[in-house]
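Visitor: Could you walk me through this structure slowly, and tell me each time what a word means before you use it to draw a conclusion?
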Amino acid sequence: MKTVFVLNGPNLNLLGTREPAVYGAQTLADVEKLCADVCARHGFALRFHQSNHEGALVDWIHEAGRLHAAGQLAGAVINAGAYTHTSIALHDAVKGTGITLIELHISNVHAREAFRHHSYMAAAARAVMCGFGVAGYGLAIDGLAQMQPSAISA
Ligand code: CA2
């Protein structure tokens, strides 16, 4: 059974508590449940994490990289939060591991402030998605399932 990592960056532990007009009313626990259900449907194991610390996210990307090297990783979905727009360390970690990465944002970052328009993750990602609300997490996992060598092409 292959594993999917879902990584969440700074302040995403606050989901559902503030700014519902931007991020919706669902909590991070709700998002984890959604991801667990979608992973189960595809026969993936799930590793779901959140941290406010850049180094912790780098460490989880490295862990995903070790599974990737062993042929046991389906891919990773990362909502790096504000680190998306600042972190060369996260970019380097993804490049260094060669994992299949989906960059995800709950909001449509391109319809927001200009400082959210640039992403250090995008150049290291296989795909980028934003603006689907928290449903995007499930859609990203569906996308990873379609990318597997075993998937039937439409
Ligand atoms: O839209 C997204 O998912 C973001 O990655 C969220 C980040 C933001 O810095 C990115 O530009 C876009 C912020 C996450 C903060 O989450 C909160 C949730 C509820 C209340 C306060 C913050």
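**Reading the terms against the values**

Visitor: Why is M121 called buried?
Guide: M121 has a relative accessibility of 0%, and buried means under 20% relative accessible area, with exposed over 50% and partly exposed in between (1.4 Å probe, protein chains only), so M121 counts as buried. Please keep in mind that this is a predicted model, in which local features need pLDDT of at least 70 and side-chain atom pairs count only at pLDDT 80 or more, while totals for chains, interfaces and linings use all residues. Residues are numbered from 1 along each chain as its sequence is written, and side-chain values use heavy atoms, with hydrogens and water left out.

Visitor: Where is M121, and which residues does M121 touch?
Guide: M121 sits in the loop between β4 and β5 (127-130), where helices (H or I, at least four residues) and strands (E, at least two) are DSSP runs numbered from the N terminus. Contact means heavy atoms within 4.5 Å, and, apart from residues up to four places away in sequence, M121 touches I78, A80, T84, L90, H91, V94, L101 and E103. The C-alpha atoms of M121 and H91 are 5.3 Å apart in space, although 30 residues separate the two in sequence.

Visitor: What makes H91 buried, and what does the side chain of H91 reach?
Guide: H91, which belongs to helix α4, has 17% relative accessibility and therefore counts as buried. The side chain of H91 reaches the backbone oxygen of Y120 at 2.8 Å, and this fits the definition of a polar contact, a pair of N or O atoms within 3.5 Å (within protein, one must be able to donate a hydrogen and the other to accept it, and residues adjacent in sequence count only if both atoms are side-chain atoms). Beyond four places in sequence, H91 touches Y120, M121, A123 and A124.

Visitor: How do you know that β1 and β3 pair, and in which sense do they run?
Guide: Two strands pair if DSSP finds at least two bridges between them; strand β1 (residues 3-8) and β3 have 6 bridges, in the parallel sense, and F5 has A76 as its bridge partner in β3. On the evidence of 3 bridges, β3 also runs parallel to strand β4 (residues 101-105), with I102 in β4 as the bridge partner of V77. From β3 the chain passes through helix α4 (residues 88-97) to β4, a right-handed β-α-β crossover, and the word right-handed is used because, with the strands pointing away from the viewer, the path from the first strand over the helix to the second runs clockwise.

Visitor: What makes you say that β3 is mostly covered?
Guide: In strand β3 (residues 73-79), 7 of its 7 residues are buried.

Visitor: Why is Y23 called partly exposed, and what joins Y23 to R112?
Guide: Y23 has a relative accessible area of 23%, so the name partly exposed applies. Y23 is found in helix α1 (residues 20-23), and the side chains of Y23 and R112 are joined by a polar contact of 3.0 Å. Leaving aside neighbours within four places in sequence, Y23 is in contact with L15, I106, S107, R112 and V134.

Visitor: Which residues are closest to the ligand, and how much of the ligand is buried by the protein?
Guide: A residue counts as near if one of its heavy atoms lies within 4 Å; 17 residues surround the ligand, the closest being N79, H85, H105, I106 and S107. An oxygen atom of the ligand is 2.6 Å from an N or O atom in the side chain of S107, and another such distance, to the side chain of R116, is 2.9 Å. Taken alone the ligand exposes 510 Å², of which the protein buries 94%; these accessible areas come from the Shrake-Rupley method with a 1.4 Å probe, and for residues only the protein chains shown count as cover.

Visitor: What makes M1 exposed, and where is M1?
Guide: M1 lies in the segment before β1, and, with a relative accessible area of 76%, M1 is exposed. M1 is nevertheless in contact with G43, F44, A45 and Q72, leaving aside neighbours within four places in sequence.

Visitor: What is the phi of E19, and why is that worth a remark?
Guide: E19 has a positive phi of about 50° although it is not a glycine. Most residues other than glycine have a negative phi. E19 is in the loop between β1 and α1, as is N11, whose phi is also positive, near 75°.
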